[in-house]
Amino acid sequence: MTENATYATFETSGGATIHRLPLEVFPNFWAYVYLVAMDDLRVLIDSGSGTEASHKNLLEGFDQAGIRPGDLTHILLTHAHIDHYGGLRQLKPLTNARIGVHELDAQTVAHHEARLALTARRIASFLADAGLAEETRDSLLDIYRFTKILYQSVPVDFTFESLGMNLGPFEMIHLPGHCPGHVAIRLHDYIFCGDMVVEGVIPHLAPESIYPHSGLDHYLDSLARFQRWTNGAWLILNGHNDAFTDLSARIEATRGNLVRRMRRALEALGEPLTAVEICRAIYGEAGGYNLLLILEKTGAYVEYLYEHGMIEIVNANEVEQGLPARYRRLLNEDALLSGIERKVNAYTSTQVNR
Ligand SMILES: [Zn+2]
Ligand SMILES: [Zn+2]
């Protein structure tokens with residue numbers, strides 16, 4: 001969100017107090033972290049980005065809540081994206097809180113340099129396969145490395161799995177897709193949902209070829225499991241927007257947005273296109289960090305369409321020589337789109353027992 005984020009407090013049905021702290025995690029981009037006080041527990045959910053402004057806002061929020069970083073018993077991360085875990089670096093020296101994260105995100109938090117090196121290489125290969133010119137590729141990789149350089153590894157004290165997905169009154173569910181180790185956390189009648197559902201847009205997605213356990217398939221499955229898990233009138237607190245209760249409506253809107261993006265891709269795929277060309281057809285022109293984000297999103301859609309047999313690669317010989325793949329749809333767009341709609345909605349009625 002870019003508008004004014006504000007401090008607020010909430011009381012849960014079980015007697016916990018939740019303080020919502022607004023942080024400017026990047027210039028004009030705000031996030032919320034949540035400080036929970038209950039009995040002897042003082043728990044921080046997410047930590048900001050690690051920029052100077054983010055850390056300053058975090059300390060101001062602690063003051064406002066009347067809690068000191070030294071009082072924290074635990075820090076729980078909804079997922080390892082830089083705007084949610086980057087703040088650990090400055091926070092760590094101020095507290096003995098035990099830091100917990102899902103095991104699929106532990107490498108990013110605790111062994112950051114190696115993870116960064118590996119991921120940068122996978123992104124480089126993804127961008128080359130997508131058909132991006134070498135010069136643009138290099139500049140995007142520089143941008144990627146710069147945003148991550150804010151952080152240095154901080155040890156993880158426990159994973160949520162090791163605790164059986166419970167910590168006292170907090171209950172976690174693993175929701176991979178937006179990020180491999182994304183979780184939502186339930187406390188009484190409140191749910192902290194991280195970036196699982198964000199207002200007005202599809203949360204960021206990237207192909208599994210870059211981040212295993214991410215991608216559209218996982219995300220759609222997680223949306224359905226999240227919807228069932230929240231079954232009831234919960235207040236949802238997320239990473240970037242105001243609290244909301246109408247989760248089902250938000251999830252429907254997200255599914256609708258996804259189908260619209262896929263429609264644009266399929267309309268364009270009557271002729272053979274590289275992923276970069278598909279990206280242009282869906283999103284138009286962009287540059288800088290935004291270009292990297294929309295290319296990753298497009299990569300997730302293309303991966304989904306290809307793996308589900310809706311598009312084909314028309315230049316196998318060129319691909320073998322290391323040239324970018326060109327994709328084309330296998331049926332007319334309306335037939336494919338009704339197939340996608342069926343699939344997206346099938347996630348709501350099947351796979352109930354997972
Ligand atoms: Zn995120
Ligand atoms: Zn976020």
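Select Gly131, just after helix H5, where phi is positive at about 95 degrees; helices (H or I, at least four residues) and strands (E, at least two) are DSSP runs numbered from the N terminus. The model is a predicted one, in which local features need pLDDT of at least 70 and side-chain atom pairs count only at pLDDT 80 or more, while totals for chains, interfaces and linings use all residues. Residues are numbered from 1 along each chain as its sequence is written, and chains are lettered from A and ligands numbered from 1 in the order in which they are written.

**Helix H5**

Next, select residues 112–130, the 19 residues of H5. The end C-alpha atoms of H5 are 26 Å apart, which agrees with the 27 Å expected at 1.5 Å a residue, the expected span being 1.5 Å times one less than the number of residues. Colour His112, Ile123, Phe126, Leu127 and Ala130, the buried residues of H5. A residue is buried if 20 or more other C-beta atoms, placed from the backbone, lie within 10 Å of its own, exposed if 12 or fewer, and partly exposed in between. Seen down the axis, the buried residues of H5 fall within an arc of 95 degrees, so they line one face of the helix; the arc is that of the directions from the helix axis to the C-beta atoms. The face turned away from this buried side carries the exposed residues Ala114, Ala117 and Arg121. The buried residues of H5 pack against helices H4 (106–110), H6 (134–148), H9 (275–283) and H10, contact being defined by C-beta atoms, placed from the backbone, within 7 Å.

**The nonpolar core**

Now select Val33, Tyr34, Ile45, Ala184 and Ile185, which touch the most other members of the 92-residue largest nonpolar core. Such a core is a set of buried Ala, Val, Leu, Ile, Met, Phe, Trp, Tyr and Cys residues joined through C-beta atoms within 7 Å. Helix H10 (residues 288–307) gives the largest share of this core, eight residues. Centre on Ile45: not counting residues up to four places away in sequence, Ile45 touches Val33, Tyr34, Val36, Leu76, Thr78, Ile185 and Phe192.

**Strands**

From Ile185, move to Phe192, its bridge partner in strand S11. Strands S10 (residues 183–187) and S11 (residues 190–194) pair in the antiparallel sense over three bridges; pairing requires that DSSP find at least two bridges between two strands. Both strands belong to an open sheet of five strands in the order S8-S9-S10-S11-S12, with mixed pairing. Its edge strands, each pairing on one side only, are S8 (166–167) and S12 (235–238).

Val33 leads to another pairing: in strand S3, Val33 is the bridge partner of Leu21. Nine bridges join strand S2 to S3 (residues 29–38), and the two run antiparallel. In S2 (residues 17–26), seven of ten residues are buried. S2 and S3 form a hairpin with two residues between them, and Asn28 in the turn has a positive phi of about 65 degrees.

**Two further residues**

Select Asp46, in the loop between strand S4 (41–45) and helix H1 (52–65). Asp46 has a positive phi near 70 degrees and is buried, with 30 other C-beta atoms within 10 Å. Then select Met165, in the loop between strand S7 (158–159) and S8. Met165 also has a positive phi, about 65 degrees, but counts as partly exposed, with 16 C-beta neighbours inside 10 Å.

Notes: Two residues are in contact if their C-beta atoms, placed from the backbone, lie within 7 Å.
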